[in-house]
Amino acid sequence: MKKIILMLSFCLVAIFATAQKKPATITVNLGALKLDSLRLFKYDQNDLYAKADADGKYRFEFKEMLPIEVILIGPKNKMIYAFLEAGENLQLKTDFDQQIVFSGNGAANSTVLNNYMTIFNEAYNKIDGAKMSGPREIMEAVNKANQIPIDLLEANKGKVTPVFYSFQKVSLDAKMLKDKIWASYMLAVSQKKFKMSEALPANFAELLKEVKFDDQLLYIPNYRNLVVYFYPPYLRRRELLLAGKLDGPHEMQDAINDFNMIAKYYPAGKIRDEAFKLNIRSVLDKAKDVTLAKPMMDEYIAKYANAAEAKELKDKYNRMLSLGTGKMAPTFTLKSLEGKEVSLQDFKGKVVYIDFWASWCAPCRQEMQHGAPKLHAKFKDNKDVVFLYVSLDSKVDAWKKAINDDKIVGVHLLSQAVSGVDTPIAKAFNISGIPRYVIIDKEGKIFDNDAPRPSEDRTELKIREALMK
């Protein structure tokens, strides 16, 4: 694996800083294909939707965070990738099937991007772990797939702009490294017949040498995810590996110790600040007993937070105190799929497994397709268990379509979001990201404010514990 080479020169950074003041647009012509609205995914949980204008075209405008990579989502979740630099007016004519034609300034960038991401997705989707000997063989296939867009980017370097090349070089290398430090671990976790230390890549401990810190690259989603989200837990596992303790009991997610990794390994700068912010909020969001996180929060406030951040965290902490195990769950009333008003209090006397989700959330949908049916089957004859799905979709049509497409069985309610997960119910349960699962006991009290996913074996046990309470 090549090291992540930070290729944005002073000249390109200057171009980015100057050009980002100019908006960019993408206009989509679907021809005979008619959609109520066209969805655009932009990697930040704030999808955009556009309705057809007077001439039947769908138009999106971007005034900030340029350059940007986006994905247009069509019927059957068909994806078309596009890239926009400041000042560009990109045109796309497509039927989300055979025809995908970009034109206008920036067309070459988007054509190259969409071509190599399509080839990558096809290769990635063909990986069948069930037919492979273990996580190392699976990771070899994942790495081979990740190398495809890297090679095609190099092959097409002369066709694309310098800004596009630099952005994608950092992005693709970051994704490759993220999979090496995260996907390999997740595969090792799933392959229980292997020791963790034996299942990970032989050079797992040396991968930290491939991570370079550059605050100016945080606007690139894959790079941001690598250094802010995936790197701290890698550092923690690396230390366990070097100490010979990786095969012993340890938490897959351990935000308190990840905090110590950030403090130990990260240089001062914006990346460290962002990693700390994500980490401390994650601890407060998911702690079963939020008082256990208070010493870490106090340390962060004393050493790193400004006054505004300190106040925000203290307010968040106080809110989380009211959401601990044994506290009464926030009450709410929402419209069901059938248009009826449904309240959480309607299920008093039953154990409620709440699934907070949205149609645009890929992990949510994966759990619904593969985890939920198996979990439901274990309680199919138990009338004291309710599976309650609370969608945070901003679009009613997208919500209904996802339920129909995935054949999701349960009680369905909609808490319509302004954007992302910005809804009153999400705020009431202090939800900053999805999927999120909560178990409510028969008395309407919180039994687990960050319950395991439907696909996890321990979820059935958690629900049965709540039934016996």
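Let's start with a proline: Pro67 sits in the loop between strand 4 and strand 5 (68–73). The peptide bond leading into it, from Leu66 to Pro67, is cis, with omega near 0°. Keep in mind that this is a predicted model. Another cis peptide bond joins Ile434 and Pro435, with omega at about 5°. Pro435 lies in the loop between helix 13 (424–428) and strand 14.

**The four-stranded sheet**

Strand 4 belongs to an open sheet of 4 strands, whose order is 4-1-7-8 and whose pairing is mixed. Which strands stand at the edges? They are strand 4 (57–62) and strand 8 (100–103); each has a single partner strand, so one side of each has no neighbour in the sheet. From one strand to the next, the twist averages 15°.

Strands in a sheet pair through backbone hydrogen bonds, either parallel or antiparallel. Here, strand 7 (residues 89–94) and strand 8 take the antiparallel option, over 4 bridges. If you want to spot the pairing on screen, look for Gln91, which stands opposite Ser103 in strand 8. Helix 2 (residues 107–125) lies across strand 7 and strand 8, and runs at about 155° to strand 8.

**Two residues with positive phi**

The loop between strand 7 and strand 8 holds Phe96. Phi of Phe96 is positive, although the residue is not a glycine. Lys407 also has a positive phi without being a glycine. Here are the two side by side:

| Residue | Phi | Loop | Relative accessibility |
|---|---|---|---|
| Phe96 | near 55° | between strand 7 and strand 8 | 6%, buried |
| Lys407 | about 55° | between helix 12 and strand 13 | 67%, exposed |

Why does Phe96 count as buried? Its relative accessibility is 6%, and the cut-off for buried is under 20%. Lys407 has 67%, and exposed means over 50%.

**The seven-stranded sheet**

Now for the other open sheet, which has 7 strands in the order 10-9-13-12-11-14-15, again with mixed pairing. Its edge strands are strand 10 (341–343) and strand 15 (446–448), each pairing on one side only. The twist averages 40° from one strand to the next. At one end of the order, strand 14 (residues 436–440) and strand 15 run antiparallel, joined by 2 bridges. Ile440 has Ile446 as its bridge partner in strand 15.

Helix 12 packs on this sheet and touches strand 9 (333–336), strand 11 (351–357), strand 12 (385–391) and strand 13 (411–414). The direction of helix 12 makes about 165° with that of strand 13.

**A pocket beside helix 12**

Rolling a probe the size of a water molecule over the atoms shows where empty space is left. In this model, the second largest pocket holds about 450 Å³ of space. It is lined by 19 residues, and the closest to its centre are Ser37, Arg39, Asp397, Ala398 and Lys401. Which element gives the most to the lining? That's helix 12 (residues 396–406), with 6 residues. Sorted by type, the lining has 7 nonpolar, 4 polar and 8 charged residues.

**A buried glutamate**

Last stop: Glu274, in helix 8 (residues 270–286). Glu274 counts as buried because its relative accessibility is 17%, and the cut-off is under 20%. Setting aside neighbours within four places in sequence, Glu274 is in contact with Leu218, Arg224 and Val228. Tyr185 is 89 residues from Glu274 along the chain, and their C-alpha atoms are separated by 23 Å.

Key. Residues are numbered from 1 along each chain as its sequence is written. This is a predicted model: local features need pLDDT of at least 70, side-chain atom pairs count only at pLDDT 80 or more; totals for chains, interfaces and linings use all residues. Side-chain values use heavy atoms; hydrogens and water are left out. On a 1 Å grid over the protein atoms alone, a cavity is a set of points where a 1.4 Å probe fits but cannot get out, and a pocket is an open set with protein on both sides within 12 Å along at least five of seven lines; lining residues have an atom within 4 Å of a point. Grid points are joined across faces, edges and corners, and a volume is the space filled by probe spheres set on the points. Ala, Val, Leu, Ile, Met, Phe, Trp, Tyr, Cys and Pro count as nonpolar, Asp, Glu, Lys and Arg as charged, and the others, Gly among them, as polar. Two strands pair if DSSP finds at least two bridges between them. Axes are lines fitted to C-alpha atoms, for helices over the stretch in contact, and angles run from 0 to 180 degrees between N-to-C directions. Contact means heavy atoms within 4.5 Å. Buried means under 20% relative accessible area, exposed over 50%, partly exposed in between (1.4 Å probe, protein chains only).
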